[in-house]
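User: Please take a close look at one strand and the side chains around it. I would like a connected account of the contacts made there, followed by the neighbouring aromatic groups.

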Amino acid sequence: MLKTFLNSIIPLLLLNCFNGFSQNNFSVLGESLVALNHKSTETYSYNFTFRSRYFLNQTNNFTYQQQQVDVFHFLHFKLNTNTKLSLGVYYRNRDWFESGPDELRFTQQYNYNKKKVGKSYGHRFRTEQRVLDNKTIYRQRYRFSLNSPLKGNTLEIGSAYLTNAIEGLLSLSKAYKPETDIRISSQIGWLITEALKLQTGLEHRYEAFNLKAKHNLFVLTSAVLRI
């Protein structure tokens, strides 16, 4: 299953990237984050995430330009072994960098995860209310993810793993036409200790493809710490 998924997702990711270059509407961005996770009880956990986003390439010109910093917080409620409900609040600051309006976002989320023979797959349904200066955007999201150790059926300390995902998004607001996006990502991660994971990879975002399509390629780096 993992091999089939990779054989289908990677060619699509590369094809979309090349299409973006040919249309001259392609940007490369970096996104680095640190996440702190804490489990209070068997049913309740929470996390804080700090993220930085910056441009690396715009219209085929290599450059570095900070776009924003984000801070978000999630509360997670475990319903059973496979399902979880989450509530989140998110703040995006672009005013410091004069790159656009700040944003306050509220999130409701449902996760279903299943493990089978060393692999795990997940379905995530998310609704968001994005509050900006002059509008509110209501966004619906669905993501399918597939994770697997690179060797064997169990993830041990010091070993690597692969995580892949595909996500569809629908954004609605009174002032603008509906917008649809697709995001495809592939990352490799390492379990450094029982409490620390490091990840890096790529995510391609095919944005507003029902209106005026735009391609963004994200270089992702992250550190996830369990405290």
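User: The strand I have in mind is E6, residues 119–131. Which salt bridges do Arg124, Glu128 and Arg130 form, and what does Phe125 help to make?

Analyst: This is a predicted model, and what follows is computed from it. Strand E6 covers residues 119–131.

Begin with Arg130. Its salt-bridge partner is Glu103, and the closest N and O atoms of the two are 2.7 Å apart. Arg130 belongs to strand E6 and Glu103 to strand E5 (residues 103–116), so this pair links distant parts of the chain, 27 residues apart. Arg130 has a relative accessible area of 14% and is therefore buried, the limit being under 20%. Glu103 is buried as well, with a relative accessible area of 2%.

Arg124 pairs with Glu167 in another salt bridge, where the closest N and O atoms are 3.1 Å apart. Because Arg124 lies in strand E6 and Glu167 in strand E8 (residues 160–172), the contact ties together parts that are 43 residues apart in sequence. Arg124 counts as buried at 10% relative accessibility. Glu167, with a relative accessible area of 6%, is also buried.

In the salt bridge between Glu128 and Arg139, the closest N and O atoms are 2.8 Å apart. Here Glu128 lies in strand E6 and Arg139 in strand E7 (residues 136–149), so the parts tied together are 11 residues apart in sequence. Both Glu128 and Arg139 are buried. In general, side chains of opposite charge can pair when their charged atoms come close. The count for the model comes to 15 salt bridges, among them the pairs Arg130 with Glu103, Arg124 with Glu167 and Glu128 with Arg139.

Phe125 is also in strand E6. At 42% relative accessibility it counts as partly exposed, whereas Arg124 is buried. Phe125 helps to make a nonpolar surface patch of about 620 Å², together with Phe77, Leu79, Leu85, Leu87, Tyr110 and Tyr142.

Phe77 leads from this patch to the aromatic groups. It is partly exposed, at 35% relative accessibility, and it forms one aromatic cluster with Tyr44, Tyr46 and Phe48. A pair of aromatic rings is described by the distance of the centres and the angle of the planes. By the rule used, the count comes to 10 aromatic pairs. In one of them, the rings of Tyr44 and Tyr46 have centres 6.1 Å apart and planes at 40 degrees, so the pair is tilted. The pair of Tyr44 and Phe77 is tilted too, because its planes are at 40 degrees, with the ring centres 5.9 Å apart. Tyr44 lies in strand E2 (residues 44–58) and Phe77 in strand E3 (residues 61–78), so their pair ties together parts that are 33 residues apart in sequence. Tyr44 counts as partly exposed at 27% relative accessibility, and Tyr46 is partly exposed with a relative accessible area of 25%.

There are also charged groups placed over rings. Arg105 lies over the face of Tyr90, at 4.1 Å from the ring centre. The charged end of Arg205 sits over the ring of Phe218, 4.1 Å from its centre.

Back in strand E6, then, Arg130 bridges to Glu103 in strand E5, Arg124 to Glu167 in strand E8, and Glu128 to Arg139 in strand E7, while Phe125 contributes to the nonpolar surface patch.

Technical notes
Residues numbered from 1 in each chain as written. Predicted model: local features only at pLDDT ≥ 70, side-chain atom pairs only at ≥ 80, totals over all residues. Heavy atoms only, no water. Patch = residues over 30% accessible without salt bridge, like charges linked within 9 Å, V, L, I, M, F, W, Y side chains within 5 Å. Areas by Shrake-Rupley, 256 points an atom, 1.4 Å probe, with all protein chains shown as cover. Salt bridge = Lys/Arg side-chain N within 4 Å of Asp/Glu carboxyl O. Helix = DSSP H or I, 4+ residues; strand = E, 2+ residues; numbered from the N terminus. Buried < 20%, exposed > 50% of the residue type's maximum accessible area, 1.4 Å probe, protein only. Phe/Tyr/Trp six-rings, centres within 6.5 Å; stacked < 30°, edge-to-face > 60°. Lys NZ or Arg CZ within 6 Å of the ring centre and 35° of its normal.
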